Amino acid sequence: MTRLYLKIFLTFWLITVAIIIGTNIVVHWFDMTPDGNLQHSSMTNDDDPAKRLLFQMVGNAVNRNTQQLIQDLRAMPAWSTRFVYVIDKENRDLLDRPLPPGVMFLAPRLTFKHPFDKVQDRNRKLFGRYITLSDGNSVKLITISAGRDEGQDRDIIWELFLDNIWPLLLVSILVSGSACFFLARHFTRSINTLQKATQQIARGDLSVRISEQFRGRNDEIAALGRDFDHMTERLEKSMQEQKRLIKDVSHELRTPLARLQIALALARQRSNGVVDNELARIKQAADYLNDIITEILTLPVQGQDSWVLDDVVDLVSMLQTLMDNYQQDAYDKNINIRFKSPLEEALVSTHGNMLLGVFENTLRNAILYTPHNSEICIQLDKTGDGEHYRIDIMDQGPGVPEDTLADIFQPFFRTDQARTRESGGYGLGLAIAHRSVSLHKGRIWAENRPTGGLCLCILLPTNF
């Protein structure tokens with residue numbers, strides 16, 4: 001059950017309950033009968049509840065006979081009858097109860113010519129009325145206010161009202177609750193349908209359609225369902241076009257790469273060992289580019305669940321080898337690359353040489369932005385919980401503005417838009433690194449160092 005479902009249900013129900021209770025209270029305090037209007041118009045704000053009870057009992061009793069009146073008295077709650085007495089012509093209570101002194105004093109004063117009177121008996125007020133019933137018998141109705149021993153603020157008529165009205169209130173509340181329940185369910189069913197559809201889209205299923213579930217409806221929800229289907233159709237078509245584009249780009253990149261590899265093989269045959277080291281580095285870069293084409297370009301259309309980590313790599317050996325490969329680039333700028341790690345081995349699961357690409361991108365950026373005659377430090381260690389390896393690659397470059405630290409991992413983002421391809425690339429390196437680390441169930445982020453420069457932090461699960 002959703003929060004919205006509960007909010008709608010409880011809101012409707014509480015409003016309905018408030019209307020039901022409020023209506024009954026209004027009817028209680030402002031009697032809508034002709035007699036009631038007359039009675040309340042003659043009463044002041046200081047009237048005792050016992051007096052209001054007397055007027056209401058008179059209104060009900062005048063149309064009843066003696067036997068019916070006795071039945072009404074016996075149907076009243078036991079606690080309330082001690083505040084009400086009905087006296088016959090012989091000054092006897094119809095319920096055969098002994099009369100209190102105040103009632104015995106007031107009863108003889110009530111006559112046909114003097115039908116209403118009241119007296120004060122110590123801390124109680126007594127109100128009486130002489131009436132003639134429908135069978136011709138005359139009786140005297142006497143009500144007694146609650147004294148201090150009963151509670152000064154006790155409202156007898158209010159308690160009688162609640163005692164008689166609560167079954168009706170309970171039934172009304174239950175009926176209104178059932179109606180509000182089904183109403184809220186009807187309103188939120190459409191929203192739940194939309195929510196489930198968006199969850200399917202978030203999982204990568206763009207084939208979901210919902211307008212059929214609103215067939216026969218001609219309201220805003222049905223229109224929203226049609227717009228939703230139109231949106232998913234556009235998304236599905238766009239994704240299919242993206243996949244086709246990726247395949248085309250991959251094919252176009254493989255063609256010049258194949259030519260490059262053929263030319264490289266011919267160059268190695270004719271070099272007679274003179275430039276074998278340089279050609280080996282070129283071959284390594286070409287092989288890595290081939291892996292980029294076959295693996296990295298497929299990352300935007302593959303989910304984490306479909307990526308199998310079927311290989312193992314030692315981060316210590318990888319980082320040391322990577323440092324050796326980039327020593328010449330660092331030497332050209334007189335940059336010292338230091339590697340610090342207390343670990344002899346750090347094994348993690350991977351797929352092919354994906355992680356190699358991650359660290360090549362980050363180290364290449366560090367060398368690019370670190371000024372001459374400075375230092376790059378690579379640190380590798382386990383986290384405190386022992387469940388991850390943390391790799392920090394720290395340069396001494398200009399850093400990145402704080403508000404763009406997260407943006408540098410977005411494709412084609414560059415902090416300096418004026419950079420050319422030769423100086424700053426197209427902004428794909430860190431985006432590919434971010435995606436690759438995510439597929440390894442890790443995390444990558446950037447921090448500006450207090451002493452200057454940027455620190456790229458990478459967390460990878462140990463798995464071993």
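**Exercise 1. A nonpolar surface patch**

Task: Which residues make the nonpolar surface patch of about 240 Å² in this predicted model?

Solution:
- Step 1. Name the members. Leu245, Val249 and Leu253 make the patch.
- Step 2. Place one of them. Val249 lies in helix H7, which covers residues 220-270.
- Step 3. Check its exposure. Val249 has 34% relative accessibility, so it counts as partly exposed. The partly exposed class runs between 20% and 50%.

**Exercise 2. The chain as a whole**

Task: How many helices and strands does the protein chain have, and what share of its residues is buried?

Solution:
- Step 1. Count elements. The chain has 13 helices and 11 strands.
- Step 2. Take the buried share. Of the 464 residues, 38% are buried.
- Step 3. Turn to the surface. About 27,400 Å² is exposed, and carbon and sulfur atoms supply 55% of that area.
- Step 4. Look at contact range. Take contacts between residues at least 6 apart in sequence: 64% of them join residues at least 24 apart.

**Exercise 3. The largest core**

Task: Which residues have the most contacts inside the largest nonpolar core, and how many residues does this core have?

Solution:
- Step 1. Size the core. It has 38 residues.
- Step 2. Pick out the best-connected members. Leu315, Leu355, Phe359, Ile391 and Leu460 have the most contacts inside it.
- Step 3. List the contributing elements. Those giving two or more residues include helices H9 (315-325), H11 (354-369) and H13 (429-439). Strands E8 (375-382), E9 (388-394), E10 (443-448) and E11 (454-461) also do so.
- Step 4. Look for another core. A second, separate one has 18 residues, including Leu53, Leu94, Ile131 and Val139.

**Exercise 4. Leu315 and Leu355**

Task: What separates the C-alpha atoms of Leu355 and Leu315 in space and along the chain?

Solution:
- Step 1. Compare the two separations. The residues are 40 apart along the chain, and their C-alpha atoms are 8.9 Å apart.
- Step 2. Locate Leu355. It sits in helix H11. Its relative accessible area is 1%, so it is buried.
- Step 3. List its partners beyond four places in sequence. Leu355 contacts Val313, Leu315, Met318, Val348, Ser349, Thr350, His440 and Leu460.
- Step 4. Do the same for Leu315. Beyond four places, Leu315 touches Ala346, Val348, Leu355, Phe359, Leu380, Tyr389, Ile391 and Leu460.

**Exercise 5. A threonine in a strand**

Task: Is Thr350 buried or exposed, and which residues does it contact?

Solution:
- Step 1. Place the residue. Thr350 belongs to strand E7, residues 347-350.
- Step 2. Apply the cut-off. Buried means under 20% relative accessible area. Thr350 is at 1%, so it counts as buried.
- Step 3. List contacts, leaving aside neighbours within four places. Thr350 meets Leu309, Asp310, Asp311, Val312, Val313, Leu355 and His440.

**Exercise 6. Cysteines without a bond**

Task: How many disulfides does the structure have, and why is Cys455 not bonded to Cys457?

Solution:
- Step 1. Recall the bond. A disulfide is a covalent bond between the sulfur atoms of two cysteines.
- Step 2. Set the cut-off. The two sulfurs must lie within 2.5 Å.
- Step 3. Test Cys455. Its closest cysteine sulfur is in Cys457, at 3.6 Å, which is too far for a bond.
- Step 4. Test Cys377. Its closest cysteine sulfur is in Cys455, at 9.0 Å, again too far for a bond.
- Step 5. Check burial. Cys377 is buried, with a relative accessible area of 6%. Cys455 also counts as buried, at 6%.
- Step 6. Conclude. The search of the whole structure finds zero disulfides.

**Exercise 7. Salt bridges**

Task: How many salt bridges does the structure hold, and which parts does the pair Arg338 and Glu375 tie together?

Solution:
- Step 1. Give the total. There are nine salt bridges.
- Step 2. Take Arg338 and Glu375. Their side chains meet at 2.8 Å, N to O. Arg338 is in strand E6 (residues 336-340) and Glu375 in strand E8, so the pair ties together parts 37 residues apart in sequence.
- Step 3. Check exposure. Arg338 is partly exposed at 32%, and Glu375 is partly exposed at 24%.
- Step 4. Take Glu233 and Arg209. This salt bridge spans 3.8 Å, N to O. Glu233 lies in helix H7 and Arg209 in the loop between helix H6 (156-202) and H7, so parts 24 residues apart in sequence are tied together.
- Step 5. Extend the pair. Arg209, Glu233 and Glu236 are linked in a network of salt bridges.
- Step 6. Take Arg109 and Asp117. They meet at 3.0 Å, N to O. Arg109 is partly exposed at 37%, whereas Asp117 is buried at 10%.

How values were computed:
Residues are numbered from 1 along each chain as its sequence is written. This is a predicted model: local features need pLDDT of at least 70, side-chain atom pairs count only at pLDDT 80 or more; totals for chains, interfaces and linings use all residues. Side-chain values use heavy atoms; hydrogens and water are left out. A nonpolar core is a set of buried Ala, Val, Leu, Ile, Met, Phe, Trp, Tyr and Cys residues joined through side-chain atoms within 4.5 Å. Buried means under 20% relative accessible area, exposed over 50%, partly exposed in between (1.4 Å probe, protein chains only). Helices (H or I, at least four residues) and strands (E, at least two) are DSSP runs, numbered from the N terminus. Contact means heavy atoms within 4.5 Å. Patches are made of residues with over 30% relative accessible area and no salt bridge: like charges are joined within 9 Å, nonpolar side chains (Val, Leu, Ile, Met, Phe, Trp, Tyr) within 5 Å. Accessible areas come from the Shrake-Rupley method with a 1.4 Å probe; for residues, only the protein chains shown count as cover. A salt bridge is a side-chain nitrogen of Lys or Arg within 4 Å of a carboxyl oxygen of Asp or Glu.
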